[in-house]
Amino acid sequence: MGSIVCGSKDGNFVIGPSPAETPDDTSELSDILFMEPNKDIEELTIIEFTVKCTNLFAENRFQLLSPVAYVSVEENNEFVKKIETEILSSTLNPIFRKPIRAVYSLQTDHQVKFEIFDSAAKKANRVLIGSNVFSLHEIASRNDFVTKDLIAQGKRNGMISVGAKELKYLGSMVTMQWEFISSKFTKGFMYLRILRSYEGTVLPVYNTETRRAPYNWERFEISVNRFCRGVESKMLIAEVVNLDAGNTVVGTAKFTLSLLNNNPMFKIETYIGEVPTGILALNEFSYSVKNTFLDFIHSGIEISPIYAIDFSESSGHSSSRLDENLYLKPIKNLQSILQHYHLDPLYPVLGTGALFPNMSSPSYYFALTGNIFQPEIPTHTMLQDYYKSTLTSIFPANQTKYSEIIESTIKYVQHEIGDMQKYYILIIISAGDPIDTEQILSFFPTVTELPLSIINIRVPHDLIICENLEKLKSPCPREFFDVFEHDEISKALEKIKDHMMIFAIYKSLNVAKKTERSRMPRSSTLKVSPEKFKFRSNYFTKCKGEYIEFLKKIGHSQDKIDEVSNIGIPFLLMDGSPNVNLPTRNRTRTTRQRSIINMEASCLNCNRMVNKLEESPCGCKYFCIECIDKSSCPECTNREKLS
């Protein structure tokens, strides 16, 4: 095995000597945002930002600016400056070149603030041109730039665009096997030492094992990051060293990774000064680039969550303190991240394990909206309203079952699967232990072949031991089912990422190919266009048509059919008698789903789609009801003066 650790002779093999201590070139990867201490950088996903601005505001049309960008991250609810870019001269459309790098992971969300200042020499202090805040997921999930207004004192002073690319070389590997052929040096122990150049000096990269002639060293693998810091044109030096002669170099050659990659059977002469000493031959070479989760996302895949709240046990259910509700909080935390990986801002929220009034048996698949044909919800505030309304309408079933909601989700995915542009996640939040494990397991072979994962979020229940959940294991071909506690959302997100990558490998998907999605890109305003609404409603529209035909066939009155058609029904009751009562539930004003289409307002802070924006004390309307108390209004009392 190769090493950089010294050793002694042992038969034909000896570990090469350790190189002299030299400064490393890790400075080019310093100042990485969100870097955790004691983490191996090659095990992380690092993205690099590109920041550019357009049409920066100048006081007169002949003035040019000297812009500089400050990059700050949110720590303890405050933004702390971390990086300052170079100063560009005489431009209103700067493109900053200083590397801005950050650690990316699906399970954590970070806010990054970009501030653009004018640092003209005539001004004593730098003047803020404008700023805006981006979510790390908002940037990383996109193939292209994310563009926002630069705002200062309520004025829009230009546009800022931020894009990100993954530093793939950190996870890429090079495999090589070298041989030294010489007529002059045929005796003694030799090893191969590889070095790279850095600021006028050389740094050790790798030492092979030491062996007697023939000098045919073992194959070794090394990361591209360690080999050349990802720069394929960086000069590398190979030295053949004679251990018996006091570590004397008997041959030197220079090459680049690009040269090796283009010439797999590469051969080069070695020299001492200008005297040739032999041939260094590359007998084996491979350059493997590891596909990553962001490759999967950038190939056009969306993450489509489907949430299901279990009402079969009363534990944890309460209409008070909804921000801390053990069923709603996991949805809020998951959706705050997953929303950036799904074009449609609406997400289905279903219910299971509830007994409705005038019904003889519980339902294990119903919509919290009260309309199973439109179960999607646009905001967490509306979800809270639907949840409270549901609590006043149902009773716990006292038996937990998952099979019906899994079967219905399978039908939904099979209908929507189409171009394989989505990966679906059924997230069940439950305090119960399902009693229908045999039925659940019978669906697992089907789930294996679908772009679908099932995540069970456990709500604490002192009287229930989840023995049945322990029996639910994913079948051998791929992993797609896991159970997490309600406070393990980060672990659940990490596992979702693993499930998606396993599915990509299982289906041999080309995740490296970047493609533009066929539908409109997700806008920062999260508006629902008629085209998106139509696309999103296809499956549920189909179900609605089939159920209306069913009601007509068994003889329900036209009034009842019209009621189902206009306002929907909580769940599908497939009873063949026309005299049976159809399920109903209490309704709130938020259950008018048709109002979703008319939601054209967007909160400046959270970018969520809302019916209306709330009025700030100064009279401006920029924020939704959830953000109005915790956000600073970009306008001010001097608004008239600014205009």
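# Exercises on a predicted protein model

In this predicted model, pLDDT stays under 50 over residues 517-536, a stretch with 49 contacts beyond four places in sequence.

**Exercise 1. Find which elements of the protein chain have the lowest and the highest mean pLDDT.**

Solution. Start with the whole chain: its average pLDDT is 84, and 82% of the residues score at least 70. Then go element by element. Helix H13 (residues 639-642) has the lowest mean, 38. Strand E28 (residues 452-458) has the highest, 97. Next, look at the surroundings of H13: pLDDT stays under 50 over residues 635-643, and the model has eight contacts beyond four places in sequence for them. Where pLDDT is low, the predicted coordinates should not be read in detail.

**Exercise 2. Check the span of helix H9 (residues 489-506) against the value expected at 1.5 Å a residue.**

Solution. Step one: H9 has 18 residues, so the helix should span 26 Å. The expected span is 1.5 Å times one less than the number of residues. Step two: the end C-alpha atoms of H9 are 25 Å apart, which agrees. Step three, list the buried residues of the helix; among them are Ile 489, Leu 493, Ile 496, Met 500 and Phe 503. Lys 497 and His 499 are also on the list of buried residues. Finally, see what comes after the helix: H9 is followed by Ser 508, which has a positive phi, near 55°.

**Exercise 3. Decide whether Thr 400 is buried or exposed, and describe its surroundings.**

Solution. First locate the residue: Thr 400 lies in the loop between strand E26 (395-396) and helix H7 (403-416). Its relative accessible area is 2%. Buried means under 20%, so Thr 400 is buried. Now look for neighbours beyond four places in sequence: Thr 400 touches residues including Asp 310, Glu 313, Tyr 364, Gly 432 and Asp 436. Ser 312 is also touched, and its side chain makes a polar contact with the side chain of Thr 400 (2.7 Å).

**Exercise 4. Describe the place and the partners of Arg 142.**

Solution. Arg 142 sits in the loop between helix H1 (136-140) and strand E9 (146-152). With a relative accessible area of 21%, the residue is partly exposed. Its side chain makes a polar contact with the side chain of Asp 144 (3.1 Å). Compare sequence with space: Arg 142 and His 298 are 156 residues apart in sequence, yet their C-alpha atoms are 6.8 Å apart.

**Exercise 5. Work through three salt bridges, and say what the pair Glu 479 and Lys 495 ties together.**

Solution. The count for the model comes to 20 salt bridges. Take Asp 149 and Arg 156 to begin with: their closest N and O atoms are 2.9 Å apart. Asp 149 is partly exposed at 24% relative accessible area, and Arg 156 is partly exposed at 48%.

In the next pair, Glu 479 and Lys 495, the closest N and O atoms are 3.4 Å apart. Glu 479 is in the loop between E28 and strand E29 (481-485) and Lys 495 is in helix H9, so the pair ties together parts that are 16 residues apart in sequence.

The last pair is Lys 560 and Glu 563, at 3.5 Å between the closest N and O atoms. Both belong to helix H12 (residues 558-567); being three residues apart there, they are separated by about one helical turn. A further group consists of Lys 81, Glu 84 and Arg 126, joined into one network by salt bridges that share partners.

Note on methods
Residues numbered from 1 in each chain as written. Predicted model: local features only at pLDDT ≥ 70, side-chain atom pairs only at ≥ 80, totals over all residues. Heavy atoms only, no water. pLDDT = per-residue confidence, 0-100. Helix = DSSP H or I, 4+ residues; strand = E, 2+ residues; numbered from the N terminus. Contact = heavy atoms within 4.5 Å. Buried < 20%, exposed > 50% of the residue type's maximum accessible area, 1.4 Å probe, protein only. Polar contact = N/O pair within 3.5 Å; in protein donor to acceptor, adjacent residues only side chain to side chain. Salt bridge = Lys/Arg side-chain N within 4 Å of Asp/Glu carboxyl O.
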